[in-house]
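Here are a few exercises to work through with the model open beside you. Try each task before reading its solution.

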Amino acid sequence: MGASDNTRGLILAIVSSLFIGASFILKKKGLRRAAAAGTRAGGECSIYGFGGYTYLLEPLWWTGMITMIVGEVANFVAYIYAPAVLVTPLGALSIIVSAILAHFMLKEKLRQMGILGCVSCIVGSVVIVIHAPQEQMPTSVQEIWILATQPAFLIYVAATVSIVLALILHFEPHYGQTNILVYLGICSLVGALTVVSIKAIGIAIKLTLEGINQIGYPQTWFFFSVAVICVIAQLNYLNKALDTFSAAIVSPIYYVMFTTLTIIASAIMFKDWSGQNVSSILSEICGFVTVLSGTVILHMTREEEQATSQGTITWYDGDQTKSLEDEHFTRLHNSDYFDQLNFPLETNVRT
């Protein structure tokens, strides 16, 4: 019966990765359309007050959102049947899906070294899965609550919340548009808490379906509330990351950070690595190094996107980029100047 449950979890995890990988591209295209008509998700507020959320009016973005929701639901069910150390690393498949679709649909070219980076991520993930420790499944939500309130995990949660607040309040305003680790750091840190909460909810659902009611326990609803809050935060900052950086690089970096932090959080809370031998631990470390190496390769081979959104106006002279201000004084008295620019007044001009 256990093997059958693992097989179901494996299939669901693969399906989840396919849907999530495709959702990256659909949402990216929706964000581009929204940017062409208004403000970018990573931009500042317009005079109409929509700020960086005009993508909510774009149907294609909602198609991507629905696709992601389907993938996340499949992923949620997978956690019910299989341990997190098996389900989470399989998210590597979404890297391949999003990279291939980005190459053909978004024209975000993935070079040969980028392909090598993807392969490295996959190989490292496989090594992690092969040597992952066996999870000891809790038998009740109350047992999970005892694990969640142990000192080691409380310290981890406190450190995570502190780092997330620092990223949101200090680093995002200064480096959010230039450093991909800001947005994805928030997503990944919050995502690790999402997974452990969803795991608790999944166990509660599974036990309830088996006749052991867990719905009446307040701990179940606490984990549910944490999961909802974390998911909303994840989606918000993932949208900003996708709109600001290439989807071909967002997907693998997000996967590496999310998987690493999730396995760490799960190991601390559920004590996954207790009793594991040195050989298995070293193999897992090698898997992590391989995955991180693939991410570095992808980052180094990334092709910078040229700004194409409506209201972004630049002139290129060789390797030098001139801003709107360079031409302003020479054309100020030209009555057709602003007609030629042809952008709405509420759109932010980014230089």
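**Exercise 1. Leaving a helix**

Task: Find which residue just after H8 takes a positive phi, and describe the helix that precedes it.

Solution:
- Step 1. Go to the end of H8: just after this helix, Gly 211 has a positive phi of about 105°. Keep in mind that you are looking at a predicted model.
- Step 2. Now trace the helix itself. H8 covers residues 180-209, 30 residues in total.
- Step 3. Take the distance from its first C-alpha to its last. H8 reaches 42 Å, close to the 44 Å expected at 1.5 Å a residue.
- Step 4. Look at the other end. Asn 179 caps the N-terminal end of H8, with a side-chain oxygen 2.9 Å from the backbone nitrogen of Leu 181.
- Step 5. Check the cover: 25 of the 30 residues of H8 are buried.

**Exercise 2. A loop residue**

Task: Decide whether Gln 150 is buried or exposed, and list what it touches.

Solution:
- Step 1. Locate Gln 150 in the loop between helix H6 (141-148) and helix H7 (151-175).
- Step 2. Compare its relative accessible area with the cut-off: Gln 150 has 12%, and buried means under 20%. Gln 150 is therefore buried.
- Step 3. Set aside residues up to four places away in sequence; Gln 150 then touches Ile 268, Met 269 and Lys 271.

**Exercise 3. A cysteine and a distant partner in sequence**

Task: Classify the exposure of Cys 286 and work out how far its C-alpha is from that of Val 127.

Solution:
- Step 1. Place Cys 286 in helix H11, which runs over residues 278-300.
- Step 2. Its relative accessible area is 49%, so Cys 286 counts as partly exposed.
- Step 3. Along the chain, Cys 286 and Val 127 are 159 residues apart, yet 7.9 Å separates their C-alpha atoms.
- Step 4. Put this pair beside the whole protein: of the contacts with a separation of 6 or more, 82% are between residues 24 or more positions apart.

**Exercise 4. Where to trust the model**

Task: Which elements have the lowest and the highest mean pLDDT, and where does the pLDDT fall below 50?

Solution:
- Step 1. Start with the overall score: the average pLDDT is 77, and 77% of the residues score at least 70.
- Step 2. Rank the elements. Strand E1 (residues 315-317) has the lowest mean pLDDT, 35, and H7 has the highest, 95.
- Step 3. Scan the chain. The pLDDT is below 50 over residues 45-50, a stretch with 8 contacts in the model beyond near neighbours in sequence.
- Step 4. Residues 304-351 also have a pLDDT below 50, and this stretch has 55 such contacts in the model.

Notes: Residues numbered from 1 in each chain as written. Predicted model: local features only at pLDDT ≥ 70, side-chain atom pairs only at ≥ 80, totals over all residues. Heavy atoms only, no water. Contact = heavy atoms within 4.5 Å. Helix = DSSP H or I, 4+ residues; strand = E, 2+ residues; numbered from the N terminus. Expected span 1.5 Å × (residues − 1). Buried < 20%, exposed > 50% of the residue type's maximum accessible area, 1.4 Å probe, protein only. Polar contact = N/O pair within 3.5 Å; in protein donor to acceptor, adjacent residues only side chain to side chain. pLDDT = per-residue confidence, 0-100.
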